[in-house]
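Subject: Structure handover

Hello,

Here is the structure I said I would pass on. Please have it open while you read the notes below.

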Amino acid sequence: MTLPFSSVFPLKKARAHEICGDSALVFAAASAGLSTGAVVWVSENWRPTVNPEGLSPFCDPGKLLLTRADSQLNVLASTETALRSGAAGLVVAELSSAIGLTEGRRLQLAAEAGGTTALLIIPDDAGSNAAETRWRCTGVPAGQPGLPGQPGPAYGTPRQKDHDSTHWRWSLIKNKIGTLSEWIVRWDAATHRIIVVSEAGS
């Protein structure tokens, strides 16, 4: 049974979700663009600061509130506070290492209390069992066979190694309702939404 994309994205409100992969920031930017209200983005001081103007193809830079913290512990604390306040539509937290079940549950409870969506950008294999969903977002090589309208050359040619910045593979790798799936998607700036190009691998 194929899982409808619309049943899992946009992300379910008042829940904590996770995203990993080399294009995780694209997923976060699209989620920010589709959220209502302010977006709080929390990261550690050593990380490059997210440039709101760089997210403008997806999200109004004026809705972003950037918060910096001196440790992952304080990233989690700031994220929990922002979620519980209910003042933002989405809280994005960049995490540098795994979090335990206790921390994951605290964030889930905070999201429920504030009616706010949490999105944790995590390293691969660093998720919490408390998360509602976990996604992996990666770039799709330009001309990849199976991408509609782009049969492309054989794998390994110069064109094949270049990534098409407008297409991504979004894989749902954890889902509390049980069903997993993946899609090839792109961002449509005109309609300001994610378009499903195909079921991945179809």
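Which backbone oxygen lies 3.3 Å from a polar atom of the side chain of Thr116? The backbone oxygen is that of Ala88. Please keep in mind throughout that this is a predicted model.

Thr116

Thr116 sits in the loop between helix H3 (101–114) and E5. Its relative accessibility is 0%, and because buried means under 20%, Thr116 counts as buried. Besides the pair with Ala88, the side chain of Thr116 reaches the backbone oxygen of Leu83 at 3.4 Å. Leaving out residues up to four places away in sequence, Thr116 touches Ala14, Arg15, Leu83, Gly86, Ala88, Gly89, Leu90, Val91 and Ala111.

Strand E2 and its partners

Strand E2 covers residues 38–44, and six of its seven residues are buried. E2 runs parallel to strand E4 (residues 88–94), and five bridges join the two. In this pairing Val39 stands opposite Leu90. E2 also runs parallel to strand E3 (residues 64–69), here with six bridges. Val42 has Thr67 as its bridge partner in E3.

Arg68

Arg68 belongs to strand E3. Its relative accessibility of 31% falls between the cut-offs of 20% and 50%, so Arg68 counts as partly exposed. In sequence Arg68 and Val42 are 26 residues apart, while their C-alpha atoms are 5.8 Å apart in space. Two polar pairs involve the side chain of Arg68: a polar atom of this side chain lies 3.2 Å from the backbone oxygen of Glu44, and there is a polar contact with the side chain of Thr49 at 3.5 Å. Not counting neighbours within four places in sequence, Arg68 is in contact with Ser43, Glu44, Asn45, Trp46, Arg47, Pro48 and Thr49.

Nonpolar cores

In soluble globular proteins, nonpolar side chains tend to be buried together. In this model the largest nonpolar core has 33 residues, and Phe27, Trp135 and Trp170 have the most contacts inside it. The elements that give two or more residues to this core are helix H1 (24–34), E2, E4, strand E5 (117–121), strand E6 (133–141), strand E7 (163–175) and strand E8 (181–188). H1 gives the most, with seven residues. A second core, separate from this one, has 21 residues, among them Ala16, Ala88, Ala111 and Ile122. Two of these names, Ala88 and Ala111, also appear in the list of residues that Thr116 touches.

Regards

How values were computed. Residues numbered from 1 in each chain as written. Predicted model: local features only at pLDDT ≥ 70, side-chain atom pairs only at ≥ 80, totals over all residues. Heavy atoms only, no water. Buried < 20%, exposed > 50% of the residue type's maximum accessible area, 1.4 Å probe, protein only. Helix = DSSP H or I, 4+ residues; strand = E, 2+ residues; numbered from the N terminus. Pairing = 2+ DSSP bridges. Core = buried A, V, L, I, M, F, W, Y, C linked by side-chain atoms within 4.5 Å. Contact = heavy atoms within 4.5 Å. Polar contact = N/O pair within 3.5 Å; in protein donor to acceptor, adjacent residues only side chain to side chain.
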